[in-house]
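Here's a quick walk through a protein chain for anyone who'd like to get oriented before zooming in. Have the sequence and the 3D view open side by side.

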Amino acid sequence: LEISDRRISHILCNNSDRCHKDNCGLPKFVLGRSTLQKLNMCNCSLQYVPGEIGLLVNLTHLDLTQNKIKYLPDELCSIISLKWLSLKINELTSLPMMIGNLLCLEYLDISFNRLNSIPDSFKLLNFINELK
């Protein structure tokens with residue numbers, strides 16, 4: 001696998017030291033992959049998601065299950081192609097205010113977090129078939 005190949009559409013990084021060498025954020029080789037459609041970063045000890053996540057414009061599936069994420073950047077809400085998002089088992093206390101921009105979202109798992117409230121824009125997520 002040539003990591004520099006920009007045609008990569010799926011990345012699975014599960015419980016690996018290689019996942020969080022970049023100060024416990026997403027690895028640099030992931031960011032800027034405009035063709036990336038599926039990203040699985042579950043159980044990688046991630047502490048944050050950088051704003052550059054918004055550059056993954058073709059992302060449809062994002063799994064950030066079982067990390068240590070406390071905050072999500074607003075740029076996440078610019079990935080309008082996103083259909084599947086798992087944030088379960090993190091340390092989130094809030095969701096981005098513009099989460100309602102994810103109009104294609106069909107699956108959302110926010111269970112086992114520390115959420116205090118849900119943004120008003122959440123009501124715009126009309127296509128969610130499964131919410132946990």
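What follows goes from confidence and overall layout to a few individual residues.

## How far to trust it

Keep in mind that this is a predicted model. The protein chain averages a pLDDT of 82, and 75% of the residues score at least 70. Confidence isn't even along the chain: among the elements, E4 has the highest mean pLDDT, at 96, while strand E1 (residues 10–12) has the lowest, at 54. Where pLDDT is low, the predicted coordinates shouldn't be read in detail.

## The overall layout

You won't find a helix here: the secondary structure comes to zero helices and six strands. Reading from the N terminus, that's simply β-β-β-β-β-β.

The protein chain has 132 residues, and 45% of them count as buried. Its accessible surface comes to about 7300 Å², with carbon and sulfur atoms making up 51% of that. As for contacts with a separation of 6 or more, 32% are between residues 24 or more positions apart.

## The nonpolar core

The largest nonpolar core takes in 29 residues, and Leu85 and Leu87 are the ones with the most contacts inside it. Take Leu87 and skip residues up to four places away in sequence: Leu87 still touches Leu64, Leu72, Leu92, Leu95, Leu108, Asp109, Ile110 and Asn113.

## Asn67, a buried asparagine

Asn67 is in the loop between strand E3 (61–63) and strand E4 (84–86). Is Asn67 buried or exposed? Its relative accessibility is 6%, so Asn67 counts as buried, the cut-off being under 20%.

What does the side chain of Asn67 reach? One target is the backbone nitrogen of Cys44, at 2.9 Å, and another is the backbone nitrogen of Leu46, also at 2.9 Å. Setting aside neighbours within four places in sequence, the contacts of Asn67 are Met41, Cys42, Asn43, Cys44, Ser45, Leu46, Ile89 and Asn90.

## The cysteines

How many disulfides does the structure hold? Zero. For reference, a disulfide is a covalent bond between the sulfur atoms of two cysteines.

Two cysteines are worth finding in the viewer. Cys44, whose backbone nitrogen is reached by the Asn67 side chain, has 1% relative accessibility and so counts as buried. Cys77 is at 2%, so Cys77 counts as buried too.

## Two more loop residues

Thr93 is in the loop between E4 and E5. With a relative accessible area of 36%, Thr93 is partly exposed, because that value falls between the 20% and 50% cut-offs. Thr93 and Tyr71 are 22 residues apart in sequence, yet their C-alpha atoms are 7.3 Å apart in space. Not counting residues up to four places away, Thr93 touches Lys70, Arg114, Leu115, Asn116 and Ser117.

Further along, Ser111 is in the loop between strand E5 (107–109) and strand E6 (130–131). Which side chain does the side chain of Ser111 make a polar contact with? It's Asp109, at 2.6 Å, and Asp109 is also among the residues that Leu87 touches. Apart from neighbours within four places in sequence, Ser111 is in contact with Lys88, Ile89 and Lys132. The C-alpha atoms of Ser111 and Ile89 are separated by 6.5 Å, with the two residues 22 apart along the chain. You've met Ile89 before, as one of the contacts of Asn67.

Methods: Residues numbered from 1 in each chain as written. Predicted model: local features only at pLDDT ≥ 70, side-chain atom pairs only at ≥ 80, totals over all residues. Heavy atoms only, no water. Helix = DSSP H or I, 4+ residues; strand = E, 2+ residues; numbered from the N terminus. Buried < 20%, exposed > 50% of the residue type's maximum accessible area, 1.4 Å probe, protein only. Contact = heavy atoms within 4.5 Å. Areas by Shrake-Rupley, 256 points an atom, 1.4 Å probe, with all protein chains shown as cover. Polar contact = N/O pair within 3.5 Å; in protein donor to acceptor, adjacent residues only side chain to side chain. Core = buried A, V, L, I, M, F, W, Y, C linked by side-chain atoms within 4.5 Å. Disulfide = S-S within 2.5 Å. pLDDT = per-residue confidence, 0-100.
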